[in-house]
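Hi everyone, thanks for making time for this one. Let me put the sequence and the structure up on the screen, and then I'll walk you through them.

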Amino acid sequence: MTDVVDSDELLRRIQRARACALEEQRAWRTRREDLRPTDPDGAREAGVRTLAFEAVVTVLDEILTPGKRTRA
């Protein structure tokens with residue numbers, strides 16, 4: 001089954017996805033900090049997940065505002 005959506009709905013969906021990815025990134029970052037003193041392996045995994053969500057946010061930012069992030 002295929003849904004047909006207009007550009008405004010597509011934009012809203014991308015914005016919701018970005019907001020969700022930002023929230024997940026924050027949650028995993030907090031978890032990493034909480035686990036660091038007691039569970040180094042768990043903290044490392046949480047750090048990897050933080051980076052994964054950071055990449056998702058970066059891609060969605062580029063879709064929403066092309067050129068906003070420039071290469072360093």
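So, what you have here is a predicted model, and the protein has two helices and zero strands. How spread out is the protein, set against a compact globule? The radius of gyration comes to 16 Å, while the globule rule gives 11 Å for 72 residues, so the protein is more spread out than a compact globule. You can see that in the dimensions too: along the principal axes, the C-alpha trace spans about 50 × 35 × 15 Å.

Now let's look at helix H1, which covers residues 7-35. With 29 residues at 1.5 Å a residue, H1 should span 42 Å, and its end C-alpha atoms are indeed 42 Å apart, so the two values agree.

Which residues of H1 are buried? They are Glu-9, Ile-14, Ala-21, Leu-22, Gln-25, Trp-28 and Leu-35. And what do they pack against? Their partner is helix H2, residues 40-64.

Let me zoom out to the whole chain again. Of the 72 residues in the protein, 21% are buried. If you take the contacts with a separation of 6 or more, 52% of them join residues 24 or more positions apart.

Then the surface. The accessible surface is about 5,700 Å², and carbon and sulfur atoms account for 55% of that.

Last, the charges. We have 14 positive and 14 negative side chains, and the centres of these two sets lie 4 Å apart.

That's my tour, so over to you for questions!

Technical notes
Residues numbered from 1 in each chain as written. Predicted model: local features only at pLDDT ≥ 70, side-chain atom pairs only at ≥ 80, totals over all residues. Heavy atoms only, no water. Helix = DSSP H or I, 4+ residues; strand = E, 2+ residues; numbered from the N terminus. Expected span 1.5 Å × (residues − 1). Buried < 20%, exposed > 50% of the residue type's maximum accessible area, 1.4 Å probe, protein only. Contact = heavy atoms within 4.5 Å. Rg over C-alpha atoms; globule rule 2.2 N^0.38 Å. Areas by Shrake-Rupley, 256 points an atom, 1.4 Å probe, with all protein chains shown as cover. Lys, Arg positive; Asp, Glu negative; His and termini not counted. Charge placed at Lys NZ, Arg CZ, Asp CG, Glu CD.
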